Amino acid sequence: MAYKILFIDEEKSQHDLFMNYMDAAPDSMEFKCLLPEPDIDSMIAKIDEEHPDAIIADYLLNDIKIDVNYNISYTGVDLLIEYRMARPNFPCFILTSYDDDAVNDTNDVNLIYVKGLLTKEDPNIKSKFYNKVDIQIQKYRSSIVEAQLELNELLKKRAAKSISLQEEQRL
């Protein structure tokens, strides 16, 4: 099954860099690059239209305005936090040249990756970035399946009137 991954950056040159790096990714991954929308709600609506399996965003979406001619009032961190409010644990990543700032701007430092990994081949790195994206998608999908199974079991117990208070609260 193919995974759809969105990359959001305000620079088309970064889109090209990203796509060149991802050329080595497994064929099961499909990539699409998007420019950020002027406001966060419009951007989330655009993401929802795409039905991605993962989102990768630049941190400073308003840093270089060559390919967009409007202000972007949010960062990549703001976008992913907002997106995850409705979709907890959804596979999200920040690629940035400003990792110190991005790390300080989020509670989840595991979202942040240095953009330089797209251009520098480090022989000591065994797990490529696209492998990490793939693994996160698999884990997320697995957690959804587990939650569905648990929900079905709890609904069966409720129907049979054998559900405990703790299970009812879980439901």
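1. I begin with a loop residue: His 51 sits in the loop that joins helix H2 (40-50) to strand S3 (54-58). In this predicted model, His 51 has a positive phi of about 50 degrees, although it is not a glycine. The general background is that most residues other than glycine have a negative phi. His 51 follows just after H2, and with a relative accessibility of 63% it counts as exposed, since the cut-off for that word is over 50%.

2. A second residue deserves the same kind of attention, namely Asn 89, whose phi is also positive, at about 65 degrees, although Asn 89 is not a glycine. Asn 89 is placed in the loop between helix H3 (76-86) and strand S4 (92-96), and its relative accessible area of 59% makes it exposed. A reader who checks the backbone of the model may wish to look at His 51 and Asn 89 together.

3. Which residues of H2 are buried? They are Ile 40, Met 43, Ile 44, Ile 47 and Glu 50, and because they cover an arc of only 115 degrees around the axis, they lie on the same side of H2. The list includes a glutamate, Glu 50, beside the isoleucines and the methionine. On the face turned away from this buried side, H2 carries the exposed residues Asp 41 and Glu 49.

4. What covers the buried residues of H2? The cover includes strand S1 (3-8), strand S2 (29-34), S3 and H3, so named here without any claim that the list is complete.

5. At the N-terminal end of H2, Asp 39 acts as a cap, with a side-chain oxygen 3.2 Å from the backbone nitrogen of Asp 41. Asp 41 therefore appears twice in this account, as the partner of that cap and, by its exposure, on the face of H2 turned away from the buried side.

6. Ala 45 also belongs to helix H2, but at 37% relative accessibility it counts as partly exposed. Its C-alpha atom lies 9.9 Å from that of Tyr 83, while the two residues are 38 places apart in sequence.

7. Is Lys 4, in strand S1, buried or exposed? Lys 4 is buried, with a relative accessible area of 17%, which falls under the 20% limit for that class. Leaving aside residues up to four places away in sequence, Lys 4 touches Glu 30, Lys 32, Glu 50, His 51, Pro 52, Asp 53 and Ala 54. Two of these have been met above: Glu 50 is among the buried residues of H2, and His 51 is the loop residue with the positive phi.

8. For the chain as a whole, there are six helices and five strands, which follow one another along the sequence in the pattern β-α-β-α-β-α-β-α-β-α-α. The C-alpha atoms fill a box of roughly 60 × 40 × 30 Å, taken along the principal axes, and 37% of the 171 residues count as buried. Among contacts between residues at least 6 apart in sequence, 68% join residues at least 24 apart.

9. Finally, on surface and charge, the accessible surface of the chain comes to about 10,000 Å², and 49% of it belongs to carbon and sulfur atoms. The chain has 19 positive and 32 negative charges, and the mean positions of the two sets are 7 Å apart.

Terms used:
Residues numbered from 1 in each chain as written. Predicted model: local features only at pLDDT ≥ 70, side-chain atom pairs only at ≥ 80, totals over all residues. Heavy atoms only, no water. Helix = DSSP H or I, 4+ residues; strand = E, 2+ residues; numbered from the N terminus. Buried < 20%, exposed > 50% of the residue type's maximum accessible area, 1.4 Å probe, protein only. Contact = heavy atoms within 4.5 Å. Areas by Shrake-Rupley, 256 points an atom, 1.4 Å probe, with all protein chains shown as cover. Lys, Arg positive; Asp, Glu negative; His and termini not counted. Charge placed at Lys NZ, Arg CZ, Asp CG, Glu CD. Arc of directions from axis to C-beta. Polar contact = N/O pair within 3.5 Å; in protein donor to acceptor, adjacent residues only side chain to side chain.
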